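Hello,

Here is the structure I promised to send over. Have a look at it first, and then read on for what turned up.

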Protein chains: 2
Amino acid sequence: MAENFRKEIVQRITKNLLDIQILRLIQTQPMWGYKIKKQVETKFGVKVGHGALYPLLNTLEQKGFLTSQKQQKGGRTRKVYTITSKGKQYVETYNNILKEQLEGLDIK
Amino acid sequence: MAENFRKEIVQRITKNLLDIQILRLIQTQPMWGYKIKKQVETKFGVKVGHGALYPLLNTLEQKGFLTSQKQQKGGRTRKVYTITSKGKQYVETYNNILKEQLEGLDIK
DNA sequence: TACAATATGTCCTTTTTAGGACATATCTCA
DNA sequence: TGAGATATGTCCTAAAAAGGACATATTGTA
């Protein structure tokens with residue numbers, strides 16, 4: 001039963017906070033869209049439509065969370081994304097909030 | 001700058017994972033809808049429409065995450081919710097996922 | 001040589017979600 | 001006695017999001 005919950009919650013976090021999960025992935029190493037898609041699918045077990053992913057990556061670049069470099073791999077072009085310091089800050093803030101969530105709530 | 005991120009991320013987590021945040025609140029002590037609404041607003045800084053909250057509470061009860069007892073407070077009726085063991089499991093699973101997120105990703 | 005995989009991108013429709021409107025009733029304080 | 005807070009509930013519309021279709025091109029493999 002707890003395992004059913006697991007998949008469900010991971011999927012919800014991944015879908016709703018997809019940008020953060022992508023930043024976390026790219027923080028481990030620079031990556032391009034197609035690889036991110038595959039990583040999200042194998043790591044988190046969540047299918048990501050590329051029609052949602054590529055616009056999101058462009059948005060994250062526009063916001064200054066990512067930068068990209070075009071890389072030639074044979075005749076195919078890869079757009080390799082690297083996380084910026086702003087992106088790292090966003091992830092760090094996220095991590096801090098998670099820590100607080102684990103510490104629990106104190107309600108009067 | 002990091003403070004701007006903070007509010008934004010807390011709001012996103014609260015809105016997208018509202019049911020989990022509610023379970024976490026009720027886990028600290030039994031609570032009724034109106035109090036939950038106020039707590040979410042003061043604790044998380046997120047406005048929750050009661051038109052979204054009450055149906056959600058009923059759904060969580062139907063799913064077996066919460067049970068309710070009607071409580072008379074003067075002539076007004078309160079529906080006090082208590083978390084079930086199933087609800088606690090859900091929160092615990094969520095906590096475990098958060099812990100793993102903090103431990104980080106290992107990508108080849 | 002044909003199909004699957006790699007690689008990136010836009011567009012549109014359907015579904016889902018959010019939030020305010022509608023609805024009712026009690027209590028407290030000025 | 002009237003307004004604001006407490007308390008719970010449904011309904012509907014408008015906005016947002018998801019996912020598949022459309023679009024193109026290269027590479028590797030059977």
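Let me start with the rings. How many aromatic pairs are there over all chains? The count comes to six. Ring pairs join A:Phe5, B:Phe65 and B:Tyr90 into a cluster, so please look at that spot with both protein chains switched on. Please keep in mind throughout that this is a predicted model.

Rings also come up together with charges. In chain A, the charged end of A:Arg78 sits over the ring of A:Trp32, 3.7 Å from the ring's centre. In chain B, the ring of B:Trp32 has the charged end of B:Arg78 over it, with 3.7 Å to the centre. Both arginines come back below, with the DNA.

**Chain A in outline**

Chain A holds five helices and three strands, and their order along the sequence is α-α-β-α-α-β-β-α. Its C-alpha trace spans about 60 × 35 × 20 Å along the principal axes. Of the 108 residues in this chain, 43% are buried. Taking the contacts in chain A between residues at least 6 apart in sequence, 44% join residues at least 24 apart.

**DNA strand D**

There are 18 residues around DNA strand D, and those that come nearest are A:Gly75, A:Arg76, B:Tyr34, B:His50 and B:Arg78. Of the atoms of DNA strand D that come within 4 Å of the protein, 63% belong to sugar and phosphate.

Three side chains are worth displaying here:

- B:Tyr34 has a polar side-chain atom 2.5 Å from a phosphate oxygen of DNA strand D.
- B:Arg78, the residue whose charged end sits over the ring of B:Trp32, also places a polar side-chain atom 2.5 Å from a phosphate oxygen of this strand.
- B:Arg76 has a polar side-chain atom 3.1 Å from a base oxygen of DNA strand D.

Which elements supply at least two residues each of the surface near DNA strand D? They are helix H4 (50-62) of chain A and, from chain B, helix H3 (33-44), helix H4 (50-62) and strand E3 (76-83). By class, the residues of this surface are four nonpolar, eight polar and six charged.

**DNA strand C**

Around DNA strand C there are 18 residues, of which A:Tyr34, A:His50, A:Arg78, B:Gly75 and B:Arg76 come nearest. Sugar and phosphate make up 64% of the strand's atoms that come within 4 Å of the protein.

Again, three side chains to bring up:

- A:His50 has a polar side-chain atom 2.4 Å from a base oxygen of DNA strand C.
- A:Arg78, whose charged end sits over the ring of A:Trp32, has a polar side-chain atom 2.6 Å from a phosphate oxygen of DNA strand C.
- B:Lys15 has a side-chain N or O atom 3.1 Å from a phosphate oxygen of DNA strand C.

On this side, helix H3 (33-43), H4 and strand E3 (76-83) of chain A, together with H4 of chain B, each give at least two residues to the surface near the strand. That surface has four nonpolar, eight polar and six charged residues.

**Where the protein chains touch**

B:Asp19 belongs to helix H2 (residues 18-28) of chain B. Is this residue buried or exposed? B:Asp19 counts as buried because its relative accessibility is 12%, which is under the 20% cut-off. Its side chain makes a polar contact of 2.8 Å with the side chain of A:Arg12. Setting aside neighbours within four places in sequence, B:Asp19 is in contact with A:Arg12, B:Leu56 and B:Leu60.

B:Leu105 is in the segment after helix H5 (85-103) of chain B, and at 22% relative accessibility it counts as partly exposed. Not counting residues up to four places away in sequence, B:Leu105 touches A:Arg24, A:Leu25, A:Thr28 and A:Phe44. Its C-alpha atom is separated by 38 Å from that of B:His50, 55 residues apart along the chain.

One of those partners, A:Thr28, lies in helix H2 (residues 18-28) of chain A. A:Thr28 counts as partly exposed, at 35% relative accessibility. A polar atom of its side chain lies 2.5 Å from the backbone oxygen of A:Leu25. The C-alpha atoms of A:Thr28 and A:Phe65, 37 residues apart along the chain, are separated by 14 Å.

Happy browsing, and do write back with any thoughts.

Best wishes

Methods: Residues numbered from 1 in each chain as written. Chains lettered and ligands numbered in written order. Predicted model: local features only at pLDDT ≥ 70, side-chain atom pairs only at ≥ 80, totals over all residues. Heavy atoms only, no water. Near = heavy atom within 4 Å. Polar contact = N/O pair within 3.5 Å; in protein donor to acceptor, adjacent residues only side chain to side chain. Helix = DSSP H or I, 4+ residues; strand = E, 2+ residues; numbered from the N terminus. Nonpolar A, V, L, I, M, F, W, Y, C, P; charged D, E, K, R; others polar. Buried < 20%, exposed > 50% of the residue type's maximum accessible area, 1.4 Å probe, protein only. Contact = heavy atoms within 4.5 Å. Phe/Tyr/Trp six-rings, centres within 6.5 Å; stacked < 30°, edge-to-face > 60°. Lys NZ or Arg CZ within 6 Å of the ring centre and 35° of its normal.
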